[in-house]
Amino acid sequence: MNSEAMRSTLRITKALSDIQRLRILLMLRAGELCVCQIIAVLGLAPSTVSKHLSILGAAALVDSRKDGRWAYYRLPQGEALKAVKPLLKWLEEALEGDDSVAKDATKLEAALACPPESLSERQRKRCAG
């Protein structure tokens, strides 16, 4: 294994070594999500969620895009998704029946029902209050 392949493998294993990052990956199976939707499900501070997303991005496990003041994340597309699919399949099988995965799915459903502006406003109030 060359040194770049080794570094890439280490970035991926580091990204998978945290429960919040696993939860994010599983959430993104539903499609592209705004950071505020991810925050709503995880219940963590925006800076913490951003750090987790940065680690996932460095491992090429997620793609991101900006749209005005909104940041969106999704699973990689095209060839990059082919590399991530076996990993997602393994996670789904390993965590099948896990209560926290089911709870996250319910929370995500509620978050997707709210416009991002509404979620973001609630999060700002919670942080300020």
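## A tour of the predicted chain

Begin with the whole chain shown as a cartoon, where seven helices and three strands can be picked out; bear in mind throughout that this is a predicted model. Colouring from the N terminus onward, you should meet the elements in the order α-α-β-α-α-β-β-α-α-α.

Stay with the full chain for a moment and look at its overall dimensions. Along the principal axes, the C-alpha atoms fill a box of roughly 50 × 35 × 25 Å. The radius of gyration is 15 Å, which agrees with the value near 14 Å that a compact globule of 129 residues would have. If you switch on a surface, the accessible area comes to about 7,700 Å², and carbon and sulfur atoms account for 55% of that area. Of the 129 residues, 36% are buried. Among the contacts with a separation of 6 or more, 63% join residues that lie 24 or more positions apart.

Next, select residues 3-15, which form helix 1, and find isoleucine 12 within this helix. Is isoleucine 12 buried or exposed? The relative accessible area of isoleucine 12 is 27%, and because buried is reserved for values under 20% and exposed for values over 50%, this residue counts as partly exposed. Add leucine 87 to the selection and draw a distance between the two C-alpha atoms: isoleucine 12 and leucine 87 are 9.9 Å apart in space, although 75 residues separate them in sequence.

Now hide helix 1 and select residues 19-27 together with residues 79-94, that is, helix 2 and helix 5. A packed pair of helices is described by the angle between the two axes and by the distance between those axes. Here the angle is about 105° and the axes are 11 Å apart. Since angles of 65 to 115 degrees count as roughly perpendicular, helix 2 and helix 5 are therefore roughly perpendicular to each other. Show side chains at the crossing: helix 2 makes the contact through Leu22, Leu25 and Leu26, while helix 5 contributes Leu88, Leu91 and Glu92. Five of the residues in this contact are nonpolar and one is charged, with no polar residue taking part.

Finally, move to helix 3, residues 35-42, which is mostly covered, seven of its eight residues being buried. Which residues of helix 3 are the buried ones? Select Val35, Cys36, Gln37, Ile38, Ile39, Val41 and Leu42 to display them. Then step on to glycine 43, which follows helix 3 and has a positive phi, near 70°.

Technical notes
Residues numbered from 1 in each chain as written. Predicted model: local features only at pLDDT ≥ 70, side-chain atom pairs only at ≥ 80, totals over all residues. Heavy atoms only, no water. Axes fitted to C-alpha atoms, helices over the stretch in contact; angles between N-to-C directions. Helix = DSSP H or I, 4+ residues; strand = E, 2+ residues; numbered from the N terminus. Parallel < 35°, antiparallel > 145°, perpendicular 65-115°, else oblique. Contact = heavy atoms within 4.5 Å. Nonpolar A, V, L, I, M, F, W, Y, C, P; charged D, E, K, R; others polar. Rg over C-alpha atoms; globule rule 2.2 N^0.38 Å. Buried < 20%, exposed > 50% of the residue type's maximum accessible area, 1.4 Å probe, protein only. Areas by Shrake-Rupley, 256 points an atom, 1.4 Å probe, with all protein chains shown as cover.
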